[in-house]
Amino acid sequence: MEVVILPTSEDCAEIAATAIERLVHTKPSAVLGVATGSTPIPLYRRLIRGRHSDASLSYANVHAVLLDEYVGLGREHPQSYRATIRQELTDALGIPDHQVHAPDGTAEDLQHEGQRYEAQLAAVGGVDIQILGIGSDGHLAFNEPGSSLTSRTRLKTLTARTREDNARFFGNVNDVPHHVLTQGLGTILEARHLILLASGTSKAQAVRDAVEGPLTAQCPASVLQWHPHVTVLLDRDAASLLSRAEYYRYTWAHKPAWQGI
Ligand code: F6R
């Protein structure tokens, strides 16, 4: 796991965007795993700027796969994650709608929707780079504390804390769905490169538990410690509780320029 501490979330976005652009240049049909929420917004804005300033960069053959979706919100609902990612990223990048994949929160057979989505992920060839945020309770995608470390895409119930955290998108906590479909932690671990972004003091404890705590279902994001290629990009505030911060800064400062993340 490589932990990178930078002054601002824009600096983190720049590093992640460079990795994604390099991937798309070398593999035009890359599969990009995308997260929703506030954290990746600077990255998505930076990617959109990059697409406009580099005429040789095309996302026309890229597939975007979502981590999760609210149960009960159709694809046209403005707060559905599918509609959100189209509005914030994929439409502006020129990724065709049929190449944007998400669990269907209105599927008739919700019990088997996870299996259908897993088959879809396999059909596109698996995820090359997966962008991740972290919940203030340590959740990854919508795998809340207690989630099996080998879980697959399935239905989950959100904690009261996550519903409160996400109420800002809905205006009222009562409108936040109780249930979601989410990639499992085992599913996420199959992506070839995981990039976790975190910013702000509200994430500092969860980041510390995930990066320096024990591997435990009580902090689902700690499962990242099990993956061979993880980059954790943190702004100063999100990194404020890390006990080995000095070492992470030292390794970044001395990293060979050719290495990339
Ligand atoms: C969203 C997702 C969640 C968020 C997390 C952080 O697709 O999977 O795990 O990444 O809840 O949300 P923000 O970035 O809004 O703090």
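This briefing walks through the ligand site, the pockets and the cavity of the structure above. Keep in mind that the model is predicted. The ligand sits in the largest pocket, and 14 residues surround the ligand. Beyond that there is a second largest pocket of about 220 Å³, plus 1 cavity of 30 Å³ or more.

**Around the ligand**

- Of the 14 residues that surround the ligand, the closest are Thr39, Asp68, His139, Ala141 and Lys203.
- Thr39 reaches in with its side chain: one of its polar atoms is 2.4 Å from an oxygen atom of the ligand.
- Lys203 also uses its side chain, with a polar atom 2.6 Å from an oxygen atom of the ligand.
- Ser38 makes its approach through the backbone instead, where a polar atom lies 2.8 Å from an oxygen atom of the ligand.
- How much of the ligand's accessible area does the protein cover? On its own the ligand has 410 Å² of it, and the protein covers 94%.
- Sorted by class, the shell around the ligand comes to 5 nonpolar, 6 polar and 3 charged residues.

**The largest pocket**

- This is the pocket where the ligand sits, and its volume is about 450 Å³.
- Its lining counts 26 residues, and those nearest the pocket's centre are Gly37, Ser38, Thr39, Ile134 and Lys203.
- Three of those names should ring a bell from the ligand's polar partners: Ser38, Thr39 and Lys203.
- Which helix gives the most to this lining? That would be α5, covering residues 160-170, which puts in 5 residues.
- Split by class, the lining has 9 nonpolar, 13 polar and 4 charged residues.

**The second largest pocket**

- About 220 Å³ of space lies in this pocket, and 16 residues line it.
- Closest to its centre you'll find Arg75, Arg82, Ala102, Pro103 and Asp104.
- Strand β5 (100-101) and helix α4 (110-123) each chip in at least two lining residues.
- The class split here is 4 nonpolar, 6 polar and 6 charged.

**The cavity**

- The structure holds just 1 cavity of 30 Å³ or more, and the space in the largest cavity is about 60 Å³.
- Its lining is made of Ser9, Cys12, Ala13, Thr39, Pro42, Leu43, Leu197, Ala198, Ser199 and Leu233.
- Thr39 turns up again here: it lines this cavity, and it is also among the residues closest to the ligand.
- Which elements each supply at least two residues of this lining? They are α1 (9-26), α2 (41-53) and β9 (193-198).
- Among the contributors, α1 has the largest share, with 3 residues.
- What about charge? The cavity lining has no charged residues, and divides into 7 nonpolar and 3 polar.

Conventions. Residues are numbered from 1 along each chain as its sequence is written. This is a predicted model: local features need pLDDT of at least 70, side-chain atom pairs count only at pLDDT 80 or more; totals for chains, interfaces and linings use all residues. Side-chain values use heavy atoms; hydrogens and water are left out. A residue is near a molecule or strand if one of its heavy atoms lies within 4 Å of it. A polar contact is a pair of N or O atoms within 3.5 Å; within protein, one must be able to donate a hydrogen and the other to accept it, and residues adjacent in sequence count only if both atoms are side-chain atoms. Accessible areas come from the Shrake-Rupley method with a 1.4 Å probe; for residues, only the protein chains shown count as cover. On a 1 Å grid over the protein atoms alone, a cavity is a set of points where a 1.4 Å probe fits but cannot get out, and a pocket is an open set with protein on both sides within 12 Å along at least five of seven lines; lining residues have an atom within 4 Å of a point. A molecule sits in a cavity or pocket if more than half of its atoms lie within 2 Å of its grid points. Ala, Val, Leu, Ile, Met, Phe, Trp, Tyr, Cys and Pro count as nonpolar, Asp, Glu, Lys and Arg as charged, and the others, Gly among them, as polar. Grid points are joined across faces, edges and corners, and a volume is the space filled by probe spheres set on the points. Helices (H or I, at least four residues) and strands (E, at least two) are DSSP runs, numbered from the N terminus.
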